[in-house]
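Work through the exercises below with the model open. Try each task before reading its solution.

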Amino acid sequence: MHRVVITGMGAISPFGVTVNALRNGLNEGRSGLKYDEILKFVVGAVPGERVEDRWSTGQQREMSKASMFVLAASEEALKQAKAEDVDHNETLVNIGTCMSDLEHIGETAQKVSEGQSRRVSPYFVPRILNNLPAGYVAMKYKMRGGVESTSTACATGLHCIGNSFRSIRYGDSRRALAGAVECALNPIALAGFDRMRALARGDQPNISRPFDKKRAGFVMSEGVGLVFMERLEDAQARGAQILAEVVGYGISSDCYHISTPDPSAIGAVLSMNRAIGNAHLEPKDIGYVNAHATSTPNGDSVEAEAVRQVFPEQNIAVSSVKGHIGHLLGAAGSVEAIATIFAMNDDVLPANRNLEETDEGNGLNLLRENQKWSDVSGNKSRISICNSFGFGATNASLILKQF
């Protein structure tokens, strides 16, 4: 088996178009959420630069917004890893997404229903295929280790990273570019989630409030998070800066309901315990839980109960950054894994933004403000567990360690 490390990261988030924009926003405890007058919801839209403008008009017709986001983030990750010119013959790409380009599908369906099939774009199919963002990256950098696109709802990002970790660890791949993207801020997606009663309603950013008694749904956001992973010996041989080590990964299924977790918390418990076992660690070795907690009543309660079961009498530090950036759906886990790496390396544990009063804190240290890791967990090794759970009863947990 090989040790697997992360040497590059790329991100686009409601804080902006770089990894450092995400880092600074979280470390400063800011909100990246705003009320959109057109969509009539608080959302986490990417501010500032329009990433699409990096491409020509013709390229924009060919590619989905998700593909353009992924290409921008992959460039950042590879540049940080100093891996642009590496021989990528054995590099795996696993970049997933949750939602297809629903607006493009809707527009195309309208043309067909009106008998205007000849006006359908020849790029319609490539724009809606969920594996095309990964495909564009592989083609650009000649990454011939395989192109995958795991799609597991809101657990997508962690599954992509975790599956790539396994591939490198067991020698099937030498390195990987992994993560997920989501570009679903459109009236169709918002209407769908709103009809499920999953979205928070209101015009203030503080409606995204993980673990708070007043939580009433999630805030939808867009963005991408990618990590460049490789064998430890390869990273050391080329003098790459090592940002973190991936040491464990676990998955599970609730087998309970398409959108509601099992009240017993069995799915989340299995996922975390399997990740800890996969890392050959004990629960006491973990110092921080980066929670999935989306600000939904049932979801947050069940995850809190799961953490209590896995880390009994430990008063472990727990926080979700969705109060800062909302819920990036498929990209949530990969962006939050990057946020967790910042927490370990910067000695800054992010707070549960907007947490005022909670019924979920029994046995847990639900952080209400940013705190130094060293103040919360003392001199313990900086080891974190990240959780992502998705519709369809799918769960993932990833363990990261400061190198």
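## Exercise 1: Aromatic pairs

Trp373 is buried, because its relative accessible area is 0%, and buried means under 20%. The model is predicted.

**Task.** Find how many aromatic pairs the whole structure holds. Then classify the geometry of Phe193 with Phe218 and of Tyr288 with Trp373.

**Solution.**

1. Start with the count. Searching the whole structure gives three aromatic pairs.
2. Take Phe193 and Phe218. Their ring centres are 5.4 Å apart and their planes stand at 75 degrees, so this pair is edge-to-face. The cut-off for that class is over 60 degrees.
3. Place this pair in the chain. Phe193 belongs to helix 8 (residues 187-195), while Phe218 sits in the loop between helix 8 and strand 7 (223-231). The pair therefore ties together parts 25 residues apart in sequence.
4. Check burial. Both Phe193 and Phe218 are buried.
5. Turn to Tyr288 and Trp373. The ring centres lie 6.1 Å apart with planes at 65 degrees, so this pair too is edge-to-face.
6. Locate these partners. Tyr288 is in strand 9 (residues 288-290) and Trp373 in helix 14 (residues 373-377). The pair links distant parts of the chain, 85 residues apart.
7. Check Tyr288. This residue is buried, with a relative accessible area of 0%.
8. Look for a cluster. Phe193, Phe218 and Phe391 form one.

## Exercise 2: Two helix contacts

**Task.** Describe how helix 10 packs on helix 11, and how helix 7 crosses helix 13. Which residues meet in helix 10 and helix 11, and which in helix 7 and helix 13?

**Solution.**

1. Choose the descriptors. Two packed helices are described by the angle between their axes and by the distance between those axes.
2. Apply them to helix 10 (residues 266-278) and helix 11 (residues 297-310). The angle is about 40 degrees, and the axes are 9 Å apart.
3. Name the arrangement. Helix 10 and helix 11 are therefore oblique to each other. Their crossing is right-handed.
4. List the contact residues. Helix 10 supplies Ala268, Val269, Met272, Asn273 and Ile276; helix 11 supplies Ala306, Val307, Gln309 and Val310.
5. Sort them by class. The contact of helix 10 with helix 11 has seven nonpolar residues, two polar and no charged ones.
6. Move to helix 7 (residues 156-169) and helix 13 (residues 332-346). Their axes come within 5 Å and cross at roughly 70 degrees. That makes helix 7 roughly perpendicular to helix 13.
7. List this contact. Gly157, Leu158 and Ile161 of helix 7 meet Gly333, Ser334 and Ala337 of helix 13.
8. Sort again. The contact of helix 7 with helix 13 has three nonpolar, three polar and no charged residues.

## Exercise 3: A residue in helix 11

**Task.** Characterise the surroundings of Ser301, a residue of helix 11.

**Solution.**

1. Judge its exposure. Ser301 is partly exposed, since its relative accessible area is 24% and that class runs between 20% and 50%.
2. Find its contacts. Setting aside neighbours within four places in sequence, Ser301 touches Arg215 and Glu360.
3. Gauge a separation. The C-alpha atoms of Ser301 and Thr97 are 26 Å apart, with the two positions 204 residues apart along the chain.

## Exercise 4: Helix 6 and positive phi

**Task.** Why is helix 6 said to be largely enclosed? Where do Lys142 and His280 lie, and what is phi at Lys142 and at His280?

**Solution.**

1. Count burial in helix 6 (residues 132-141). Eight of its ten residues are buried, so the rest of the structure largely encloses this helix.
2. Name the buried residues. They are Leu132, Pro133, Ala134, Gly135, Tyr136, Val137, Ala138 and Tyr141.
3. Identify the cover. It includes helix 2 (57-62), helix 3 (65-81), strand 4 (91-97), helix 5 (124-128), strand 5 (147-148) and strand 6 (175-182).
4. Step past the end. Lys142 follows helix 6 and lies in the loop between helix 6 and strand 5.
5. Read its phi. Lys142 is not a glycine, yet its phi is positive, about 55 degrees. Lys142 is partly exposed, with a relative accessible area of 48%.
6. Repeat for His280. This residue lies in the loop between helix 10 and strand 9. Its phi is also positive, near 60 degrees, in a residue other than glycine.
7. Finish with exposure. His280 is exposed, with a relative accessible area of 65%.

Key. Residues numbered from 1 in each chain as written. Predicted model: local features only at pLDDT ≥ 70, side-chain atom pairs only at ≥ 80, totals over all residues. Heavy atoms only, no water. Phe/Tyr/Trp six-rings, centres within 6.5 Å; stacked < 30°, edge-to-face > 60°. Helix = DSSP H or I, 4+ residues; strand = E, 2+ residues; numbered from the N terminus. Buried < 20%, exposed > 50% of the residue type's maximum accessible area, 1.4 Å probe, protein only. Axes fitted to C-alpha atoms, helices over the stretch in contact; angles between N-to-C directions. Parallel < 35°, antiparallel > 145°, perpendicular 65-115°, else oblique. Left-handed = near helix turned anticlockwise from the far one by under 90°. Contact = heavy atoms within 4.5 Å. Nonpolar A, V, L, I, M, F, W, Y, C, P; charged D, E, K, R; others polar.
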